[in-house]
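Trainee: I would like a close look at one part of this model. Please take me through how two neighbouring helices pack, and then through what surrounds them.

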Amino acid sequence: MEYGGFVGKILFVDLTTGKITKEPLDTQIIKDFLGGFGVDLKLLYELLPRGTDPLAPENPIIIGAGPLVGTITPGSPKVTFTAKRPISGSATEEDKHGVMVGTAGTVKFGFMLKNAGYDHIVITGKAKGPSFLKIVNDEVEICNATDLWGKMDAYETTAELTRRYGRCGVYAVGQASENLVKLSIGTVDGHYSLGKAGGGAIMGSKNLKAIVVYGNKGIGVSDPKRLMAVYDESFKRITENPGFKDVARYGTPSFGAMAYLPGRNWRPFWGKYWKLIDRTRVANASCISCLTPCRAIMELKEGRFADLRLVRRTFPISTPTRPAPEGFIDYGPGLKVEDAIERPGLDRQNVQQIVNFVSLLYERGEITKEDTDGLVLKQRGFWDPDIDSTIQLIERIANKEGDFAKCLGEGWHPVSKRFGVDASAVMSVCKGCHTILDARKVRLQPSSFVQITGPGVHHIHFSGHFPGVPIAEIKANGEGMGMSEEEVNRTFTVDEFDTGRLAKHVEDYYAIEESLGICALPAQLHSCHTLGSIAEYYSAITGLETSPRELKRLGEKVWNMYKLLNVREGFNRKDDKIPSWWKAADNNLLRDYWEKPITRDKLESMLDHYYFERGWDVKSGIPTEAKLTDLALGEFMEILPDLKNEGKYL
Amino acid sequence: MIKKSIKVNPQECKECLICQLRCSLAYTGKFNPEEARIKINWPGEISFTDNCIESCVLCARYCPFGALEIVK
């Protein structure tokens, strides 16, 4: 590859035939789609026939590591997992799945993959028996995993493969994925979850237990001197930031934003628990290149579960800071429950909340022991559910034991259907997954709004719009994300901003970060990057001279591609639907950034403004021919449905 | 090797590997943590390879967490 940062190859693995091929990474594709997230989507468009069953061998798993991954660019450890999602993504149609892009920070997997010589891996087919994929530089082998399958959880598998191969990156799944539980997820490098919305089940459907990778070829840099000049500037800015020391000590809980993450479905909102961190934290650590050490090792020192050592935890470092999701008054059982969820490879966010959901139905008397296969889900008090029955239920979900647990593992819509209760009317469920942020707490502003408009799964794109941030700062942040003067002028007034319009730019920026491999968390919370610094890193590393404006255009292009792939699976404005729980709960506490109540008309107008800003068709909420032409995406025009049949889209 | 120019505080290490990235860029011209002259076996172990230069403190200059301190 003539450009730095990229290593120049895509690895194709067909598990059915055992055929392994290496194709050059086309230089045009990186100029059009940046890398990582963007290139994944372009590859998926070519490989995924419309209407493919997500658990069929034809559904490809595409893993990508953008051009800044494995370089010294601050906070650039992200890898992507792109596929058609097994969990339904529609509020009303169970068979509407859509395309997911999961992303995760990595310690070793990302840089090892690049150092082995691959920017992307594309896995198709289904292995004859339990297998894992071993990549050691040029040697690629599909190995027998009979001794791991059904015997080891995701963390044990990671430890075992590390024992066998030494320092290496590992992506592994647990028993829940082997059992094709749709609420399952993989674990990368033994700590971060990758593949939300059913990625683990896709691994299981391919008989693939793990991917292990080692590489030591090196990642080239076009202009090291220019790179270190911009790095020195970033390093100084980050380490001199007043919050840096707290972050280094406590990790993510030191961020004020953590107060907005869910606790027992936000009833009541939590807040005081972060002081408990020191009682359980053994150490915390970063991903490669990152100055925000957000992962931690937790150890319980007292109580019934003393000596429980949690594997490296992830964002948000929930545990003692966030015992509320499980509702336990003592954080010990909270940690135990999280361990029970994560070991077999269940999706923590969704499983925690789906257990909360059925417990709520049980408390209300809407379901009984007869519905739960004999499990008593009633709590002994608000903060004190029965830990044993909770853990038993989690184990049953992972093992697909009994009709009740099997149904829970299928995701939100099958559960809603089974009990005749719309989950989104009781929980913050949107597009088939539990949201990351609750707009009633953080208000309906761009960071929460993008959970409605995002085409695939919910991503974290904190963009500094939390309550109390001065408007001037939000405006500066918008300019930092590459908004033009014209865009700023139509989005901001002296004392307000237009949420729908600003959300569009937040998404574009996120697409740039994830395509290049930058993590949104340190990038935003630490003021570690602006689009200007990202453009400088990209130019210095790759040798492809770029500008913030050009990156902004490519970010928009990537996001349109993401949308197009979901339009191809039947998604439109009807699916961009706010959880009705946000409106119904707490006496209509849903408010905009300025605390004004949001009426139905206001909400629809916010969405209209979002589509206007995107240049999409406002009625159908999908890209127009003119927009695709403008973004040089004309070749994908065939995806657009016939909008003359408007009824279908409204 | 044991370096006199750098004091190692492994308990402060966060495994960000910035030291290895900086070292490999300086001595191999590429980002290649496996070829760095500083070895990180997190948690708890930091060491230097035999070909590490005693006077070089580049890794310590870029450690953000105080795990590597330049001895003056």
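Mentor: What follows starts with one helix pair and moves outward from there. Keep in mind that this is a predicted model.

The pair is helix 13 of chain A, residues 402-409, and helix 14 of chain A, residues 412-419. Two packed helices are described by the angle between their axes and the distance between the axes. Here the angle is about 135 degrees, and the axes are 6 Å apart. An angle over 145 degrees would count as roughly antiparallel; helix 13 and helix 14 of chain A are therefore oblique to each other. From helix 13 of chain A, the residues that take part are A:Asp403, A:Phe404, A:Cys407 and A:Leu408. They meet A:Pro414, A:Val415, A:Arg418 and A:Phe419 in helix 14 of chain A. Sorted by type, the residues of this contact are six nonpolar and two charged, with no polar ones.

Now look at the loop that leads into the pair. Between helix 12 (387-399) and helix 13 of chain A lies A:Lys400. Most residues other than glycine have a negative phi, and most peptide bonds are trans. A:Lys400 has a positive phi, near 55 degrees, and is not a glycine. Its relative accessibility is 27%, so A:Lys400 counts as partly exposed.

Chain B has a residue to set beside this one. B:Glu15 also is not a glycine and has a positive phi, about 60 degrees. Its loop runs between strand 1 (6-8) and helix 1 (18-28) of chain B. B:Glu15 is buried, because its relative accessible area is 2%. Another loop of chain B, between strand 3 (38-41) and strand 4 (45-48), holds B:Pro43. The peptide bond joining B:Trp42 and B:Pro43 is cis, with omega about -5 degrees.

Further out are the nonpolar cores. The largest has 176 residues, and those touching the most other members are A:Phe81, A:Ile135, A:Ile211, A:Leu444 and B:Leu68. Helix 22 of chain A, residues 548-568, gives this core the most, with nine residues. A second, separate core has 44 residues, including A:Ala423 and A:Val429.

Last comes the contact between the chains. The size of an interface is often given as the accessible area lost when the parts come together. Chain A and chain B bury about 2400 Å² between them, with 63% of it on carbon and sulfur atoms. On the chain A side, A:Ile72, A:Arg167 and A:Phe235 lose the most area to chain B, together 19% of what that side buries. The contact draws 39 residues from chain A and 23 residues from chain B.

Methods: Residues numbered from 1 in each chain as written. Chains lettered and ligands numbered in written order. Predicted model: local features only at pLDDT ≥ 70, side-chain atom pairs only at ≥ 80, totals over all residues. Heavy atoms only, no water. Axes fitted to C-alpha atoms, helices over the stretch in contact; angles between N-to-C directions. Helix = DSSP H or I, 4+ residues; strand = E, 2+ residues; numbered from the N terminus. Parallel < 35°, antiparallel > 145°, perpendicular 65-115°, else oblique. Contact = heavy atoms within 4.5 Å. Nonpolar A, V, L, I, M, F, W, Y, C, P; charged D, E, K, R; others polar. Core = buried A, V, L, I, M, F, W, Y, C linked by side-chain atoms within 4.5 Å. Buried < 20%, exposed > 50% of the residue type's maximum accessible area, 1.4 Å probe, protein only. Buried area = accessible area lost by both parts, 1.4 Å probe.
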